[in-house]
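Here's a quick walk through the model, chain by chain. Have the sequence and the 3D view open as you read.

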Amino acid sequence: MTDPASEDRKDTMVESAAGQAQTPADAKRGPAVATRERRQGAANPSGETPYLVVEDLTVKFPTADGLVSAVNGLSYSVPLGRTLAIVGESGSGKSVSSMAVMGLHDPKRTKITGSIRLGGDEIVGLPENELMKVRGDAVAMVFQDPQSSLHPLYTVGNQIVEAYRVHHQVSKDVAKKRALEMLDLVGIPNPQRRFSQYPHEFSGGMRQRAMIAMGLVNDPKLVIADEPTTALDVTVQAQILDLLNNLQKEFGSAIVLITHDLGVVAEMADDVLVMYAGRCVEYGTAEDVLARPRMPYTWGLLESIPTVSAANERLRPIKGLPPSLLNLPTGCSFNPRCPYKDRVKGERCTTDLPELLPVDGAGAHTSRCHLHDKASIYEAEVAPRLG
Amino acid sequence: MSQTVRPIDEPASQNEPLLQVRDLKMHFPIKEAAGLGRTKKVVQAVDGVSFGLKAGESLGLVGESGCGKSTTGRMITRLLTPTAGQILFKGTDIAQLKERDLRPFRRELQIVFQDPYSSLNPRQTVSNIISTPLRVHNLVKKGKELDRVQELLERVGLNPEHHNRYPNEFSGGQRQRIGIARALAVEPEVIIADEPVSALDVSIQAQVMNLLEDLRRDLGIAFVFIAHDLGVVRHFCDQVAVMYLGKIVEQGPREQIYGAPQHPYTQALLSAAPDLGTIRGVPPKERIRLVGDVPSPIDPPSGCRFRTRCWKAEDICATHEPPLEPKPQSTPGHAAACHFAEPKIDLTAASA
Amino acid sequence: MIYFVARRLISALSVVLVTLIATFALFFIAPTDPAGAICGERNCTQQRYNEIKQNLHLDKPKVQQFAEYTAGIFAGRDFTTSGVTRHCGAPCLGFSFKNDRPVTEMLTSRIPVTVSLVAGYAVLVLTIGVLVGSLAAKRRGTMGDRVLMSSTLVISSVPYYIVALMISLYLTVLYPILPRGGWTPPSENIGKWAAGLVTPWLVLGIYFCTSYARYSRGSMVETLSEDFIRTARAKGLSDRKVTYKHALRAGLIPVITIFGLDVAASLAGAIFTERIFDLPGLGVLVLDSLNSYDLPVIMGTVLVASVVVVTMNFLVDIAYSLVDPRVRLS
């Protein structure tokens, strides 16, 4: 992993983020950077100093039918070397929020408020020419469908070379060497030959590996993986998840994993954030959220999944449909579908939006629910059904 | 569990299978230019698949993309005409029947597609979509169509008042319900469900799964359930057939396939499925990681097709194709196509 | 690649042959009377009429006529008129009924005119059209997009010949802002050549780029919403690079098909432009020969046109494979 060019990296964001120039040695920077002093952001379940801090993020799209609040008051943080999984169904705002972290929303068509900080530097409100320097360099994205996410008319090698040369002023030969290295690193056999092939000559799994190679070519500190394995077969999915895990161990980057698959979450995530209708409804370590969930929507998700290991019991789906983002229910957005709302005194679920509060009065595991005895309801009613 | 015989109205289907598929093959010719002429190659999408389906039973076809599971489903409903093999429905071979003779069978064998967005005509009202098959098969008197449509909508959990709406006014899950209502309209005995829930969100997926289960229980409809999601198949199917590159590699009752899989590919599939019981860092189940991708069905490996990715492969695997047969250690009805089959337990035991 | 070219050539030749037979059948079997037309109304005696018929081999069986005609194209043939034998060199398309000149010569003298006209048109229409289209696509939904797109509609809703006539009349004659149309061979004086063509180029270019603009806008809007464009942006590429490198290349593919066929069609049919701007091209030739039943000339131009169309199709295929690696030429 020699990288002669990273010394003269122009990106000011990254410089200030790490506090010093990046050298290959810094690749294994996990603990060293984590102890470095930085602005403290939103609470993080691990208590480590975060690299990515999102605070009170709101993303709205004006449409002909009105203002769509795709993301509402979202806060989270991810330290280097850790993986945060953002879970939710379609329309929950999970992809929209991470597109905001990449600065990929068209400013003319989007209203973004709140704060997104990468290593202390604010992203929200940055002009396009500044954002460009961050994209693909300090933050990289791996998309869902490698078939459509790679340009069909350029060779895979060229696309990786291009990604490298955007952020490094090096000759094509140097960039090609780097690209070959990356192809090899992500486990693509015969990189020399693969370099000059087109995406349609790759299989699905190989394409996703190439996407990952392209994403990691600039040694990003943060990788956003948006449903990276949804389009892949089970055995290939396992390969790609392993690859992401191994690469993270090697490079110590922070990963934001967007997925709807709780199985993938269980295998990959350190922290989990559950989104519903644009809001965070539960946030904590993977163990907290998956083993001790404290929010009826999370319970519903867990009960909806037919697992490979579970016995043949009737699934208990969440009734109804997710709400329209144009017209959110008053109070808790989940209340029309919530089977437990009768247990909250009065009409609070339909009138007051619950705050995201620590489930046990203190601590990093938070959930957004008015229920008083969440722990006992889960243990007594939900957990037995999950088996 | 696997031998459950469900109460069925029709006495004919008590013992013999309702649907029997024998050595079904689908070879798609592809033309490739060579010199001034063309050579013909063949994609062996499905290459010798056999199984039986009893009335009210549900058989799962699992496998990764390109294994031929969808092609098999399309052949059974005769959306494709098989290259070879038999499809016996109540004793009649429908594999090569002409369109006219096929009609009565089309009614009995219905298909539900994966994509609820593209499988409904956007310019027709729901009422139209559902009543067309009724009219085609003369199942309802004029003037009674609407009643039947509304009854069906209610049956699949949609508001009967919405019969005049267009598909785009419905969500993905609701559209899938419309697709199911369309299939139900002609009172079929078998429904081929081709990835019916894989395009849906988790919570909606569970709703549709439950609906399918109700239909199976209440109406005694038999299902061929095609899916890549092992959890979904385990949940829905009594019998499971695992496919790889156009062939069935293992077949048997659900408990056996999931509890004691014998074929290395089945074992790899099960161990690769991400599971909820896992919390990161604690390897709860044995990991089998397959290398590489599925080979091309144009030129499949000789002998056992899985051998190129199999950790057990030996010379015999390249020369002799293992037959799908019961192994000494198998329980009744469980067969595997492997020279070195041996049961492996605990692959899914993570949270059980 | 070689085999691809060979196969395409064979199919191209057969297309040309079929066109040839069809035109031959249409004109020679149809109840027209070329001999009568040549002979004229007034002092046409029966003897002269028969002589003409004989000279032109019009009295021979149709199949023989066709065979002779086809043979003439490849080997040349001899014509005997009133005892005088004239040789017609290899790509022989016969002699004009009207002025007795070899058709091949008439065509070759006019091809440069039409080719110059169409080449300039092609360059203009493609660059302006695609540029306007991608600009509009990038700014879709904005005021600029709407202004651009509605002006293309306004322009293209006026019949072309009116636009051409008005510009010719007002801008080159009454208020001579633009040079008048006319033909000077480029070998003679390249400046004059360009001056004579610049007005028709502009008129053609501006008028017909409108459909290209709308077409490429549609194609670009679609491309810009593709996933790989998002990937390109996520890499940190500049907006300009994303639009004009990544999107344009993919967005151009459907435009190429239209372009190839359009250029072929305009080569054969630049009639209005040639008439209005006084350019002695193929279009004018067709028009004149149609008026005078000058069958050899009509046949010749049809032949040229079919060769052009077939060639353009072939070039489009090649261009396709250059732009899109998924299209294999084998």
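In this predicted model, 37 residues of chain B are in contact with 41 residues of chain A (contact: C-beta atoms, placed from the backbone, within 7 Å). On the side of chain B that touches chain A, three helices each supply at least two residues; helices are DSSP runs of H or I with at least four residues, strands are E runs of at least two, and both are numbered from the N terminus.

| Helix of chain B | Residues |
|---|---|
| H6(B) | 202-219 |
| H7(B) | 230-236 |
| H9(B) | 264-272 |

H6(B) gives the most to that side, with seven residues.

Chain B also holds an open, mixed sheet of eight strands, ordered E6-E7-E8-E3-E9-E10-E12-E11; strands pair if DSSP finds at least two bridges between them. Its edges are E6 (109-112) and E11 (325-326) of chain B, each pairing on one side only. E7 (190-194) and E8 (222-227) of chain B run parallel over five bridges, and Asp194(B) has Ile226(B) in E8(B) as its bridge partner.

Now chain C: 13 helices and two strands, with a C-alpha trace spanning about 85 × 55 × 40 Å along its principal axes. Of its 330 residues, 34% are buried (20 or more other C-beta atoms within 10 Å of the residue's own, with C-beta atoms placed from the backbone).

Residues count from 1 along each chain as its sequence is written, while chains are lettered from A and ligands numbered from 1 in the order written. As the model is predicted, local features need pLDDT of at least 70 and side-chain atom pairs 80 or more, whereas totals for chains, interfaces and linings use all residues.

Notes
Buried ≥ 20, exposed ≤ 12 C-beta atoms within 10 Å, placed from the backbone. Contact = placed C-beta atoms within 7 Å.
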